[in-house]
Amino acid sequence: MDTTSKLAGGRASARPPRRRNTVKYRQTVTAYTFLLVPLLFFLLVRFIPTFMALRLSLFDWNILREQQPFVGLENYTTLVADEKFLQSLKNTALYTVIGVPLQIILGLGLALMLGRVRAFRGFYRALYFAPYVTPIVAAAWVWQWVFSPQFGPVNTVLDWLHLPPQSFLTSPDQALATTAGLVVWQNLGFQVVLFLAGLAAIPRSYYEAAEIDGATGSQAFWRITLPLLNPTIVFSVVTGTIAYLQLFTQVVNLNFTDQGGPLGSTLTVAVYIYQLAFGRFQMGYASAVTVVLFVIILIITLLQLRFLTRRYDT
Amino acid sequence: MKKFLTLALALTVSASAAPVTLTYWQYDFATKVSTMDALIKKFEAQNPDIKIKQETFPYDAYNQKVASSVPAGQGPDVVNLFYGWLPQYVDSGFLQPLPAKDFSTQQIESNFVPMIKTSKIGGQYYALPTSVRTLAVFYNKDLFKQARIVPPRTWEDFIAAGQKIVKGAPPRFSVLGFGIQPDGQDYHVVREVLVRQFGGSPFSKDGKKVTYDSAAGVQAMTFYTELMTKYKLGVPNFFPGNNSYRDAFIAGKVGMIVDGSFAVGAIQKGAKFNWGVLPLPVLKSNGVRGNFGSYWVNGITKNAKGDKLAASIKFLKFLTSDETQRTWLDSVGEIPASRKLSGTAALRTNPVYGPFVSGLPFASSTLFVDEAGQRKAWVDAINTVLLQGNSPANAVKRAAAEEQKILDGYYK
């Protein structure tokens, strides 16, 4: 006993010798050692800056000033009356409410149809997945031309149909919907792949049993497919919502000279944070907005996990 | 021991003779970078004990890059900055005031064009330009010929010309009379040019109060927005992209745009038709001329101390010298910042640079304290009229309230 413990290493010799000899113990140590590296990374790159932002939000912190006075909650009280912030909050909510259901419904619909396709299955999947792997910036620039009121094919088609041409991204009333359209189009492929995997996991025997009992197609969908897809749907809703709440790249690139415009109609909270912090160097105020966004995302995610997750007996 | 001493001595001697290395920052623009490389070579030949290391960053990230170097206490010894950013960089203690014995205020003000007075902060100069830029009208000569019209001198003729050239109706145009673009150079035209032409002034003398919330301000806003709403000369964002109005002009789809002398290069390179440059128009009623001037300056940062400071002063003198200004004009195509050089007959009669140079004596520059914020205040105000049918009077009020809030925040 004693000799083996010495062989195992002097540093651990103070501990009771029994545990460290087991294979399980060694595996655990190895696992923690490997986990330590990403943990350190997350601590340094994610968590510490998060807490620093919390602290920063209590200061009138402008990186281009020598004095960074402590102002307590002043940034937060300013925030409540900041029209641009409220507008960005409203826009962000709109993006989420339009985008998340739309991409889930379309994604599920496409996945169901693709499930029935026999020929060229891989080809169709690749086709729907392509937008997801297209660089966001490139897609945003093409989108600008597609929806250009003057030269865009969309208005040309409307013209053929004798419908009035639209202003799309250049109109404060339509810009948000057009932007949301781009995001949905890009995320759709990922949703399709998720749902295809979810559908494949449902045992065929359930459908066969339902068929024998005389269930219609729609009954099978509502009673079998949808309930058993619940984990996939919850995952899509939660990750989709978080992604929409952090929407940034598309917005910035769809109107590069007036980011979040026209008239702030496409401005998201994330873009507003960026503008405050890196356009105007108001780090303290931008941190306050960040903290608010963090709290909102946290609450929404917890609520979603609480209310959307259902257990079905299988 | 003796050997050691000689070695130590040799080392100190060589150390003191070792060249001082300065770091210079500017944004990445091909001709500016290559011209600066050539200038640095020349400077180093004249000053063998000084070495300059040029570092450049993409334009869109440049201000960010400089700003983030300030709290870090790192970065350049000599830095190129937009004049509108100066108050913030002076506040942060990033820039050193120019030493009076090398750059006297009186000398600066008699040598440089008047607009640089905007950069006098607390009675001190912190940085100086090599070149300056003003605005003018670029026009498509071929489109003018087709419409059988002559280049306009007044705003009234400008509208008439635009109406003859424009093809299509909102929101679908195929050719614009005027490439209207509030977030291009246009908002400067409203704030600094039209407000003055209608008899007002945009800011109080000390720059702390906005004064365009006046009859003149409303007239200026009305005049500008009617170019689109009433006369239907064009729409903003005609072409998608960063430089919508300029790209559309280069594509031959726009009769006239207002742009800066910094656009000459891009238009010269891209436009495949005959084009010309006109001074900014005047109102028929009073003929008051106006222009918006802007410039990039070179300043010495707090990083330069001792030997480095002395070397930086030498380098800054070199960058603002007549010779460098001439090189800059020839290679980059920017107007010299010196009164004497920009006033030469060759420049004044130059068909491309003439109209820009002619604007120098009455070019004003906005005293920005938060360039991004003040720009947004105006662009949004104009857009409420163009896109939402807001009244020009309310739009001016909105811009004034927003911009005053920013000024108050800075001067508090």
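**Domains, interface and a mixed sheet in a predicted two-chain model**

Good morning. In chain A, the centres of domain 1 and domain 2, taken over C-alpha atoms, are separated by 40 Å. Please keep in mind that this is a predicted model. The division behind that distance places residues 2-56 of chain A in domain 1 and residues 75-308 in domain 2.

I turn next to the contact between the chains. Chain A contributes 24 residues to the contact, and chain B contributes 28 residues. Which helices of chain A each supply at least two residues of the side that touches chain B? They are helix H7 (136-146) and helix H14 (269-279) of chain A. By class, the side of chain A that touches chain B consists of 11 nonpolar, nine polar and four charged residues.

The remainder of this talk concerns chain B. Its secondary structure amounts to 18 helices and 15 strands. The C-alpha trace of chain B spans about 90 × 50 × 35 Å along its principal axes. The radius of gyration of chain B is 24 Å, which agrees with the value near 22 Å for a compact globule with 412 residues. Of those 412 residues, 49% count as buried. Among contacts in chain B with a separation of 6 or more, 74% come from residues 24 or more positions apart.

Chain B is also divided into two domains, and each is assembled from two segments: 17-133 and 294-357 for domain 1, 135-292 and 369-411 for domain 2. Their C-alpha centres lie 29 Å apart. How many residues of each domain of chain B are in contact with the other? There are 13 residues from domain 1 and 13 residues from domain 2. On the side of domain 1 of chain B that touches domain 2, seven residues are nonpolar, four are polar and two are charged.

Let me close with one sheet of chain B. It is an open sheet of six strands with mixed pairing, in the order S2-S1-S3-S13-S6-S14. Strand S2 (50-57) and strand S14 (335-336) of chain B each have a single partner strand, so one side of each is left without a neighbour in the sheet. For S14 of chain B, strand S6 (residues 127-133) is joined to it by two bridges, and the two strands run antiparallel. Within this pairing, B:Val132 has B:Ile335 as its bridge partner in S14 of chain B. Helix H13 (residues 322-331) of chain B lies across both S6 and S14, and runs at about 35° to S6.

Thank you for your attention.

Key:
Residues are numbered from 1 along each chain as its sequence is written. Chains are lettered from A and ligands numbered from 1 in the order in which they are written. This is a predicted model: local features need pLDDT of at least 70, side-chain atom pairs count only at pLDDT 80 or more; totals for chains, interfaces and linings use all residues. Domain bounds come from an automatic or database domain assignment. Two residues are in contact if their C-beta atoms, placed from the backbone, lie within 7 Å. Helices (H or I, at least four residues) and strands (E, at least two) are DSSP runs, numbered from the N terminus. Ala, Val, Leu, Ile, Met, Phe, Trp, Tyr, Cys and Pro count as nonpolar, Asp, Glu, Lys and Arg as charged, and the others, Gly among them, as polar. The radius of gyration is taken over C-alpha atoms; the globule rule is 2.2 Å times the number of residues to the power 0.38. A residue is buried if 20 or more other C-beta atoms lie within 10 Å of its own, exposed if 12 or fewer, and partly exposed in between; C-beta atoms are placed from the backbone. Two strands pair if DSSP finds at least two bridges between them. Axes are lines fitted to C-alpha atoms, for helices over the stretch in contact, and angles run from 0 to 180 degrees between N-to-C directions.
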